[in-house]
Amino acid sequence: MTLEEEVVQICQDLIRIPSVNFGEGKGDEKAVAEYVVASLAEVGITATIYESAPNRCNVIANIPGADTTRPGLVVHGHIDVVPANAEDWSVDPFAAEIRDGMIWGRGAVDMKNTDAMILAIIRKWARTGYKPPRNIVLAFFADEEAGMTFGSRWMAAKHPEVFAGCSEAISEVGGFSVTVGDGKRLYFVEAAQKGIHWMRLTATGRAGHGSMMNDENALTALTEAVAKIGRFEWPQRYTSTVKTLFKKIAEATGKSYDEKDLRPLLIEI
Ligand SMILES: [Zn+2]
């Protein structure tokens with residue numbers, strides 16, 4: 001079996017285990033975690049399941065590097081998926097069927113595909129005796145789709161020792177290539193996403209019976225505030241990460257790049 005065939009096989013196996021996360025604590029990663037453990041055991045790698053709540057399972061394995069004095073790298077993926085309503089699908093979301101050269105199913109792009117790639121590569125390393133340059137902590141987390149309460153958050157809070165000595169972590173989104181000129185392929189690593197900031201808005205007004213006119217309605221003030229926030233044009237800036245990206249693309253494509261030529265953003269800080 002080629003490495004690619006193994007990735008496809010593992011991805012299909014993973015999709016066929018419906019590790020659906022319904023949110024509000026309702027999820028089940030047990031079967032998929034056991035699959036990951038068995039898949040690693042097959043090539044002699046011992047992995048441990050950390051169960052944060054009944055059937056909420058995280059899997060950890062250590063891959064020693066050639067230079068164990070270097071700080072380690074956490075390579076992680078989540079093994080839960082969001083729900084799928086089969087009626088909305090043209091294929092069975094948990095059948096992982098191959099059509100038009102693609103695997104179809106829940107988790108095929110988020111992120112059982114990457115889990116499968118990680119597993120297949122680690123299995124190949126084990127079979128061929130390859131050692132990565134530095135130690136790798138392999139982590140497959142539960143509950144990523146609903147706030148990580150039973151997954152990475154729980155692991156970091158309850159078992160920080162698992163990540164001791166690691167200096168970086170990498171997971172989704174990454175691993176897929178973008179083709180630039182001359183068939184050259186770039187592999188991007190996403191460094192951050194737009195964040196969220198929860199707010200509690202309080203408004204006061206005048207209470208009164210529903211039959212009466214009220215021009216001091218607290219609800220009206222609240223909805224106006226929400227609309228204002230929604231319409232606000234937030235400042236934008238080129239972060240150092242974005243500037244590095246432009247520089248590297250210029251290098252790869254042989255184009256000249258000068259930071260001074262960057263188009264001014266609509267609203268700057
Ligand atoms: Zn994801």
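The legends below describe views of a predicted model of one protein chain with a zinc ion.

**View 1. The whole chain, with its six helices and 11 strands.** The chain has 269 residues and a radius of gyration of 24 Å, whereas a compact globule of that many residues would have a value near 18 Å. Taken along the principal axes, the box filled by the C-alpha atoms is roughly 80 × 55 × 45 Å. The accessible surface of the chain is about 17500 Å², and carbon and sulfur atoms account for 56% of this area.

**View 2. Burial and contacts within the chain.** Of the 269 residues, 30% are buried. When contacts between residues at least 6 apart in sequence are considered, 68% of them join residues at least 24 apart.

**View 3. The zinc ion and its protein donors.** His78 supplies NE2, Asp110 supplies an OD atom, and Glu172 is listed with two OE entries. These donors lie 1.8 to 2.3 Å from the zinc ion. The angles among the four donor atoms run from 56 to 137°, and the site is irregular. That label applies because four donors count as tetrahedral only if all angles lie between 85 and 135 degrees, and the range at this zinc ion is 56 to 137°. For reference, the ideal angle for four tetrahedral donors at a metal is 109.5 degrees.

**View 4. Where the zinc donors sit along the chain.** The donor residues follow the spacing H-x31-D-x61-E in sequence. Aspartate 110 is in the loop between strand S7 (102-103) and helix H3 (112-128), and glutamate 172 is in the loop between strand S9 (166-170) and strand S10 (174-179). The pair therefore ties together parts that are 62 residues apart in sequence.

**View 5. Accessibility of two of the zinc donors, aspartate 110 and glutamate 172.** Aspartate 110 has a relative accessibility of 30% and so counts as partly exposed. Glutamate 172 is also partly exposed, and its relative accessible area is 27%. Both assignments rest on the cut-offs, under 20% for buried and over 50% for exposed, with partly exposed in between.

**View 6. Alanine 47 and the residues around it.** Alanine 47 belongs to strand S3, which covers residues 47-53. Its relative accessible area is 13%, so alanine 47 is buried. Leaving out residues up to four places away in sequence, alanine 47 touches Val37, Leu40, Val59, Ile60 and Ala61.

**View 7. Alanine 47 and asparagine 135.** These two residues are 88 residues apart along the chain. The separation between their C-alpha atoms is 15 Å.

Conventions. Residues numbered from 1 in each chain as written. Predicted model: local features only at pLDDT ≥ 70, side-chain atom pairs only at ≥ 80, totals over all residues. Heavy atoms only, no water. Donors = N, O, S within 2.8 Å, 3.2 Å for Na, K, Ca; no water. Tetrahedral: all angles 85-135°; square planar, octahedral: opposite > 155°, others 65-115°. Helix = DSSP H or I, 4+ residues; strand = E, 2+ residues; numbered from the N terminus. Buried < 20%, exposed > 50% of the residue type's maximum accessible area, 1.4 Å probe, protein only. Rg over C-alpha atoms; globule rule 2.2 N^0.38 Å. Contact = heavy atoms within 4.5 Å. Areas by Shrake-Rupley, 256 points an atom, 1.4 Å probe, with all protein chains shown as cover.
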